[in-house]
Amino acid sequence: MKLTLNDLCFAYDRDRIIKNISCSFVSGSFYSILGPNGSGKTTLLDLISGFLKPDTGHIDIDQAPVLSLSKKEISKKIALVSQDHTINFPFSVKDVVMMGRHPYIPRFSHPSYNDVKQVEEMMQVCGIHHLHDRKINELSGGERQRCVFARALCQDTPILLLDEAFSNMDINHTLHMLQLVKQSVKEKNKIVISVFHDLNLASTWSDSLLMLKNGKISAFGNSQDVLTQETIKEVFDVASIVEFNIHVQAKQVYYPSI
Ligand SMILES: Nc1ncnc2c1ncn2[C@@H]1O[C@H](COP(=O)(O)OP(=O)(O)OP(=O)(O)O)[C@@H](O)[C@H]1O
C-alpha cells in the first residue's frame, strides 16, 4: 500500500497552515513527524484521516483519493489516536474499545463472536482488561490513552496515525505500546505515522522522519540521515549534540545545559 500526499494546502481561516506538502508513505514502515508547536503536525494528520479537507491538493491511497471513499470505508483503512482523547460520556472501557469494530458491524446488528474476541484480546494486550467495566471519563490520563489506543488497534487498519499518543503514558507503557506498534508494522505490513515531541524516541523507533516547520517539509527521509545537529537547529532553533548510541542502535540527541 502507498499513501501519497499531493501538493496539499490548508488554512483554517486566512493563514495557510499546510503549504504545498507532497510526499509518500509505504507499507511496512514506521514514520515520525517532528516539528515545533504550531507547525501543523496535528493538522496534517487530520487531513490524512479525512477529518479535514484540503483547500487544494489531494491524498491518495494506492491512487484512489481518500475523499472519494465513504466515512466507513475510510475507517477501515485509517485509524487515528488523536491528541485530544477526552470522552465526556460515561461509556465503559469495553464499549469504547468495541467502537473500533463499528466499521465492520452491519447496521442494526450486534458485534460478532470475532468482534468480541478481538476486543477482549486487545484489552489484554494493552493492559486495560482489569478496567473493562470502568467508566472511561473516570480513568487517569494514561489509562484513557491506552483505551483509545486499544480502540484504534481494534480497527485493524493498514494505516495507523498517532498524535502524541504516548504523551500521558509512563515509560513502561510507552515502550510496551511502541513494541506493539512496531510489531504490527513488521508483521502486518502497516503504515504508522506518529507525531512525537521526543526526538530520541522518534529516532529509536521510526524508520523515517518528517520534519515540519511552518507548514512545510524541512526534511524527510531515513531517520538516521535526517536527525542531525543542523536540522535540529534549523527546525527547532536549539543547539544539540547528536551521536549514535550503541545501546539503542540509533542516533540520540543531547542538549548542552549551557
Ligand atoms: N481549529 C482551528 N482553528 C483555527 N486555527 C487552528 C485550529 N487548530 C489549529 N489551529 C492553528 O493551526 C496551527 C497549527 O496547529 P497544529 O495543531 O496543527 O500544530 P502542531 O504542530 O500539532 O502543534 P503542537 O506541537 O502544539 O501540538 C497553529 O497555529 C494553531 O493555532
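# Exercises around a ligand shell and its sheets

Helix α1 (residues 41–48) supplies the largest share of the shell around the ligand, 3 residues; helices (H or I, at least four residues) and strands (E, at least two) are DSSP runs, numbered from the N terminus. Before you start, note that this is a predicted model, where local features need pLDDT of at least 70, side-chain atom pairs count only at pLDDT 80 or more, and totals for chains, interfaces and linings use all residues. Residues are numbered from 1 along each chain as its sequence is written.

## Exercise 1: the ligand and helix α1

Find the residues that surround the ligand, and sort them by character.

Step 1. Look for residues near the ligand, where near means that the C-beta atom, placed from the backbone, lies within 6 Å of it. You should arrive at Tyr12, Ile17, Gly35, Asn37, Gly38, Ser39, Gly40, Lys41, Thr42 and Thr43.

Step 2. Sort them, with Ala, Val, Leu, Ile, Met, Phe, Trp, Tyr, Cys and Pro as nonpolar, Asp, Glu, Lys and Arg as charged, and the others, Gly among them, as polar. The shell then divides into 2 nonpolar, 7 polar and 1 charged.

Step 3. Turn to α1 itself. A residue is buried if 20 or more other C-beta atoms lie within 10 Å of its own, exposed if 12 or fewer, and partly exposed in between, with C-beta atoms placed from the backbone. In α1, 7 of the 8 residues are buried, so the helix is largely enclosed by the rest of the structure. Those buried residues are Lys41, Thr43, Leu44, Leu45, Asp46, Leu47 and Ile48.

Step 4. Walk on past the helix. Glycine 50, just after α1, has a positive phi of about 85 degrees. Phenylalanine 51 sits in the loop between α1 and β4 (56–61), and it counts as partly exposed because it has 15 C-beta neighbours inside 10 Å.

## Exercise 2: the antiparallel sheet

In what order do the strands of the open sheet of 4 strands lie, and which stand at the edges?

Step 1. Two strands pair if DSSP finds at least two bridges between them. Following the pairs gives the order β2-β1-β4-β5, with antiparallel pairing.

Step 2. The edges are β2 (16–26) and β5 (64–65); each has a single partner strand, so one side of each is left without a neighbour in the sheet.

Step 3. Check one pair: β1 (residues 2–11) and β4 are joined antiparallel over 5 bridges, and asparagine 6 stands opposite histidine 58 in β4.

## Exercise 3: strand β7 and its partners

Describe how β7 (residues 159–163) is covered and which strands it pairs with.

Step 1. Count burial: 5 of the 5 residues of β7 are buried. Ile159, Leu161 and Asp163 cover one side, Leu160 and Leu162 the other. In a regular strand the side chains alternate between the two faces of the sheet.

Step 2. Go to β6 (residues 78–81), which runs parallel to β7 and is joined to it by 4 bridges. Alanine 79 faces leucine 160, and valine 81 has leucine 162 as its bridge partner. In β6, Ile78 and Leu80 point one way and Ala79 and Val81 the other way, and all are buried.

Step 3. Now take β8 (residues 191–195), which pairs with β7 in the parallel sense over 5 bridges. Here isoleucine 159 is matched with isoleucine 191. From β7 the chain reaches β8 through helix α6 (residues 171–187), in a right-handed β-α-β crossover; right-handed means that, with the strands pointing away from the viewer, the path from the first strand over the helix to the second runs clockwise.

## Exercise 4: the largest nonpolar core

How many residues does the largest nonpolar core have, and which have the most contacts inside it?

Step 1. Build a core from buried Ala, Val, Leu, Ile, Met, Phe, Trp, Tyr and Cys residues joined through C-beta atoms within 7 Å. The largest has 70 residues, and Val97, Phe149, Ala150, Leu161 and Val192 have the most contacts inside it.

Step 2. Helix α5 (residues 141–154) gives the largest share of this core, 7 residues.

Step 3. Inspect valine 97, taking contact as C-beta atoms, placed from the backbone, within 7 Å. Not counting residues up to four places away in sequence, valine 97 touches Val119, Met122, Met123, Cys147, Ala150, Arg151 and Cys154.

How values were computed: Two residues are in contact if their C-beta atoms, placed from the backbone, lie within 7 Å.
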